[in-house]
Amino acid sequence: MEIWTEKYRPKRIDDIINQEEIKKALKSFVEKKNMPHLLFAGPPGTGKTTAALALAHELYGDAWRENFLELNASDERGIDVIRHKVKEFARAKPIGDVPFKIVFLDEADALTRDAQQALRRIMEKYSQSTRFILSCNYFSKIIEPIQSRVTVFKFKPLEKEAFRELINRIVKGEGLILENEDEIINALYDIAEGDLRKAINILQAAAMMSKTITVDRLYEIASIAKPKEIDEVLNKAMQGNFLEARSMLIDLMLKYGMSGEDVIKAIQKRVWSLPISDREKLMILDKIGDIEFRIVEGADDLVQLDALLAWLGLGKYKNFTS
Ligand SMILES: Nc1ncnc2c1ncn2[C@@H]1O[C@H](COP(=O)(O)OP(=O)(O)OP(=O)(O)O)[C@@H](O)[C@H]1O
C-alpha cells in the first residue's frame with residue numbers, strides 16, 4: 001500500500017500549493033544553479049520537506065538521489081553522527097553540472113545550542129561542496145550564528161481554498177466520494193490545523209474503510225469530538241445543567257479516547273462560536289488557560305474539567321470588572 005503523503009507529494013516546484021514567494025526564489029536557484037544555505041521555518045506539514053525535494057528534483061533530475069542527503073536531527077543520535085554522515089556524503093563529487101550537493105536537515109531546532117554550534121562549523125567546513133537546507137518549526141530556537149548564515153523562508157499554513165485544492169487532487173486520484181464536500185473539507189481543516197500530512201493521513205485512514213468519506217468517520221479516526229458535540233456540552237454547562245454536561249463530556253472522552261488536555265483544546269477552539277459577548281469569551285479563554293496549565297502540571301483531569309463546567313454553570317464569566 002502506498003502512503004498518500006508520498007504518492008501525492010508534488011515533484012515539481014510549480015506543483016507546490018501556495019508559498020508563492022518561496023517557489024519564485026527556489027526557481028531562481030535552479031536557473032542559476034547556485035544557492036545559499038537555506039532555513040525553512042514553519043509549522044509541521046506545510047511543505048518544507050516537499051520544497052527541498054522538489055528543488056533537488058529540478059536541480060539534479062534523475063541524479064537527485066546521489067546529490068541529496070536527508071537527515072533528521074532527532075533521529076541521528078547526536079551531532080557526531082550527523083558530522084560523520086555529512087563527511088561521507090561530501091567526499092564524492094556532485095554528479096552532473098551543479099557544483100554542489102544538498103544536505104537537508106529536518107528538525108534542526110531539536111538540536112541543543114551546543115550541537116547547533118557544531119553544526120555551524122560543519123556547514124562552514126563543507127560549504128565549498130555542499131549547501132545545507134535546515135528545516136525547523138520554531139525559527140527562534142535556531143542560534144543567531146546560524147540564522148545569520150542562511151537565507152530564511154517562512155512557510156505559512158495553507159488557507160482553506162488551497163487546502164481544498166490539495167484534498168481534491170487526492171479525492172480525484174483515488175476516486176473518493178465526499179458525502180458533503182464543504183463539510184468534509186471544513187472538518188479536515190479543523191482537525192489538521194494546517195498540517196497537511198495529518199489531513200492526508202486521516203483521509204487515507206478513512207478511505208481504508210470506505211471510499212465514501214463522512215464527517216463522523218473523520219472525527220472518529222482523529223479521536224476528537226465533533227465541534228457540535230463540544231458545543232452541546234458547553235451549552236448544557238452554561239445553562240447550569242452541570243450533571244448532564246458532565247455525563248455528556250465523560251461519554252465523549254470514552255467514545256473518542258480523549259484526554260483532559262484533548263478536551264480542553266477542543267473546548268478552546270469552540271469558545272469563539274459561543275453566543276456570548278467578546279468580553280465573556282475572553283473570560284472563558286482566560287479560565288481555560290488556567291485549567292490547561294493545571295492539567296499539564298499533573299492535576300486530576302476530571303476534577304479540573306468539573307471545575308470548568310461548574311464555573312461556566314455559575315455564570316462566572318459574566319462577572320468581569322472593566
Ligand atoms: N504546499 C504544499 N503543496 C502541496 N502539498 C503539500 C504542501 N505542503 C504539504 N504538502 C503535502 O503534505 C505532506 C507533508 O508535507 P511536508 O513533508 O513537506 O511537510 P513539512 O513542512 O516538511 O513538515 P514537517 O515539519 O512535519 O517535516 C506532503 O507529503 C505533501 O503531500
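The following exchange concerns a predicted model of a protein with a ligand and asks what supports the terms used for it.

Reader: How do you know what confidence the predictor places in the protein?

Author: The mean pLDDT of the protein is 92, and 99% of its residues reach 70 or more, on a scale that runs from 0 to 100. Among the elements, strand S1 (residues 38-41) has the highest mean pLDDT, 97, while helix H5 (residues 79-91) has the lowest, 90. For the model, the scores are ipTM 0.95 and pTM 0.81.

Reader: Why is the pair formed by the ligand and Ile 17 called a polar contact?

Author: A polar contact is a pair of N or O atoms within 3.5 Å. A nitrogen atom of the ligand is 2.8 Å from a polar backbone atom of Ile 17, so this pair counts as a polar contact. An oxygen atom of the ligand is 3.0 Å from a polar backbone atom of Gly 47, and a polar side-chain atom of Asp 106 lies 3.4 Å from an oxygen atom of the ligand; both pairs therefore meet the cut-off of 3.5 Å.

Reader: How much of the ligand's accessible area does the protein cover?

Author: On its own the ligand has 630 Å² of accessible area, of which the protein covers 96%. The ligand sits in the largest pocket.

Reader: What makes up the shell around the ligand, by residue class and by helix?

Author: The shell divides into nine nonpolar, seven polar and four charged residues. Helix H3 (48-60) and helix H10 (196-209) each supply at least two residues of this shell. Of the 20 residues around the ligand, those that come nearest are Thr 5, Gly 45, Thr 49, Thr 50 and Arg 197; Arg counts as charged, so Arg 197 belongs to the charged class.

Terms used:
Residues numbered from 1 in each chain as written. Predicted model: local features only at pLDDT ≥ 70, side-chain atom pairs only at ≥ 80, totals over all residues. Heavy atoms only, no water. pLDDT = per-residue confidence, 0-100. Helix = DSSP H or I, 4+ residues; strand = E, 2+ residues; numbered from the N terminus. Near = heavy atom within 4 Å. Polar contact = N/O pair within 3.5 Å; in protein donor to acceptor, adjacent residues only side chain to side chain. Areas by Shrake-Rupley, 256 points an atom, 1.4 Å probe, with all protein chains shown as cover. 1 Å grid on protein atoms, 1.4 Å probe; cavity = no way out; pocket = protein on both sides within 12 Å on 5 of 7 lines; lining within 4 Å. Sits in = over half its atoms within 2 Å of the grid points.
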